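Biologist: I'm new to this one. Can you walk me through it?
Modeller: Sure, let's bring it up.

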Amino acid sequence: MVERSLVRRAFPHLVLILALFIIVFPIWVVFVGSTQRLADILDAPMSILPGDQFGVNYGRAFFEGAKNLGANAATMVKNSTIMALGISVGKIIISLLAAFAIVYFDFALKDFIFWSIFITLMLPVEVRIMPTYKVISDLGMLNSYWGLILPMTVSATAVFLFRQFFKSVPREIAEAAAIDGASAMNFFRHILVPMTRTPIASMFVIQFIYGWNQYLWPLLITTKEKYYTLLIGINRMLAVGDAQAEWQIILATTMLALIPPVIVVVVMQKQFVSGMTETEK
Amino acid sequence: MTKQYAFHNRTLPYVLVLPQMIIVIIFFFWPAFMALYQSLFIQDAFGISLIFVGLENYIKLFQNPQYLDSLVLSFQFAILVAFSALTISLFLAVQANKHIWGKTFYTTMLVWPYAVSTLVAGILWMFLFNPTVGIISYQLKKIGIDWNYLVKSGQALFLVTLASSWKQISYNFVFFLAGLQNVPVSLVEAAAIDGGGPFTRFWRVIFPLLSPTTFYLLVMNLVYAFFETFPIIHQVTSGGPNQATNILVYKVYKDGVINLDLGSSAAQSVVLMLIVIILSALQFRFVERKVEY
């Protein structure tokens, strides 16, 4: 009996440790690669212990970039940050405004607007690639931050989450504010938005990651190195044709692309988990 | 329900929804409408004017064996990815939900990979399995497996499936764990008292209670595999070798952006929209039913 219960107690640990290994191992190998000389990476099998080129490789990735790229990671980190912040903050602002209108006002087109927002869930970028590209190019937004950010700032999930939250706020608060002479916008700015901190924080984590990890859209609309995001840079560095890819720089850039959103999730894990399981259902 | 207090203002609500609606119309409705419209035309040989062809683009599409292959492949790939990602994460969530030492640590370690982008997931596995520098492919060759996913179809499909499922485990894990934590302990204990072993308890009591979560995740995973795995396909295999990983969303990109075949690409977009609509409708009907309880 003792043996059986020992096995039963050890089993979950064995399974979970194996899972952690499968999750961490590929990331570890990429980290190790980012600290090696290119020659050592090419001379298979590469060691699975870190090399001594950490400073050299990350320095080069950050300030120069791979030879074929024409952009460095400093620029790309900046672009990814602008895109991620622009998308997440933009989504939060316009969704708060829309949810406020839908919950706190009666107006003729309310249902139509609600359904229009809902339908965007069924139109991800992937299904409207070419025509959306055409719109952006007609508006002169190719290779611009506006082009990277604006089309991504619609979020049915954010509108739903805020709408749900606003509905749970007692109406007496709005009524009292109105009696005290507060305008609708004053109520929104000084009472409602501060009350919404927690859902806003959850939404921020999810949308920051979403924005940081955008790939197809920047791939389509950024052709100038100046606007490359990290993920686009990685893709372009690997597109060397017959020449030798500079793996050490590519892997260092991959680590730079991986770390910021991971930090956001780890630091804000609670908000992240509650945001995910509450909104997406 | 009594009438809720509402602010009175005729123009303000429209001003408030205006930013959202401008973006929805310009970047969502207009392009979707254009895709529908363009799918009924072809460009003339010089690419100058459009010729109305009715449903010809669609007919050609469904007569094209390459497209049909891609359609079948997309479904196989989606089911494969959804099935592996769901079973693995459910299994892990069940283990992490037990009263074990280090539970918080395990949970955090399984949750954070959510932040890893799909492209990075592709790069990680691509580097391990790279035919020249990969350390796993080196070991595979040592034991006599002729590993080169750039040439062998089956290996390419295996690699993109592996990377895509790996990426989705954290997402599923978060939902399964939340679902498991909502299963009333009393029910599980009652089943244990009635003599149900761990397997009976899981399949007869816990799993049925998890079915809303599982169904939600199934749809989300199918959507993910159909559409959001684009970065992996684009980076790791470019749809090859020999169309082996040319799923619909990659094909629509290649035919439109690379080959500039606008009519066909538009028709493909419309077919993809239909797939999303069907999946969303499934989801929506299910949510409706749940609400009615």
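**The core and what surrounds it**

Modeller: Keep in mind that this is a predicted model. Its largest nonpolar core has 193 residues, and those with the most contacts inside it are Phe100(A), Tyr104(A) and Phe162(A).

Biologist: Which helix gives the most to this core?

Modeller: That's α4 of chain A, residues 73-104, with 16 residues.

Biologist: OK, and what is Phe100(A) in contact with, leaving aside its neighbours within four places in sequence?

Modeller: In chain A, its contacts include Phe105(A), Phe166(A), Met185(A) and Leu192(A). From chain B, Phe7(B) and Leu16(B) are among them.

Biologist: Which rings do the ring pairs link into a cluster with Phe100(A)?

Modeller: Tyr104(A), Phe105(A), Phe165(A), Phe166(A), Phe187(A), Phe188(A) and Phe7(B). Tyr104(A) also has Arg171(A) lying over its face, 4.6 Å from the ring centre.

Biologist: How many aromatic pairs are there over all chains?

Modeller: The structure holds 50. Take Tyr171(B) and Phe175(B): their ring centres are 5.0 Å apart and the planes sit at 45 degrees, so the pair is tilted.

Biologist: Where do Tyr171(B) and Phe175(B) lie?

Modeller: Both are in helix α7 of chain B, four residues apart, which is about one turn of the helix.

Biologist: Is Phe175(B) buried or exposed?

Modeller: Buried, at a relative accessible area of 1%. Tyr171(B) is buried too, at 7%.

Biologist: Switching to helix shape. How far apart are the end C-alpha atoms of α9 in chain B?

Modeller: Only 36 Å, though α9(B) has 31 residues and a straight helix would reach 45 Å. There's a kink of about 55 degrees at Ser211(B), shortly before Pro212(B).

Biologist: And where does α1(B) bend?

Modeller: At Leu18(B), by about 45 degrees, with Pro19(B) following within four residues. End to end, α1(B) reaches 37 Å, close to the 39 Å expected.

Biologist: Last topic, the loop between α10 and α11 of chain B. Which peptide bond is cis?

Modeller: The one from Gly240(B) to Pro241(B), with omega near -15 degrees. Pro241(B) lies in that loop.

Biologist: What about phi of Ser238(B)?

Modeller: It's near 50 degrees, a positive value in a residue other than glycine. Ser238(B) is in the α10 to α11 loop, and so is Asn242(B), where phi is near 60 degrees.

Biologist: Why does Ser238(B) count as partly exposed?

Modeller: Because its relative accessibility is 37%, and partly exposed runs between 20% and 50%. Asn242(B), at 72%, is exposed.

Technical notes. Residues numbered from 1 in each chain as written. Chains lettered and ligands numbered in written order. Predicted model: local features only at pLDDT ≥ 70, side-chain atom pairs only at ≥ 80, totals over all residues. Heavy atoms only, no water. Core = buried A, V, L, I, M, F, W, Y, C linked by side-chain atoms within 4.5 Å. Buried < 20%, exposed > 50% of the residue type's maximum accessible area, 1.4 Å probe, protein only. Helix = DSSP H or I, 4+ residues; strand = E, 2+ residues; numbered from the N terminus. Contact = heavy atoms within 4.5 Å. Expected span 1.5 Å × (residues − 1). Bend = angle between axes of the 7 residues up to and from the residue. Phe/Tyr/Trp six-rings, centres within 6.5 Å; stacked < 30°, edge-to-face > 60°. Lys NZ or Arg CZ within 6 Å of the ring centre and 35° of its normal.
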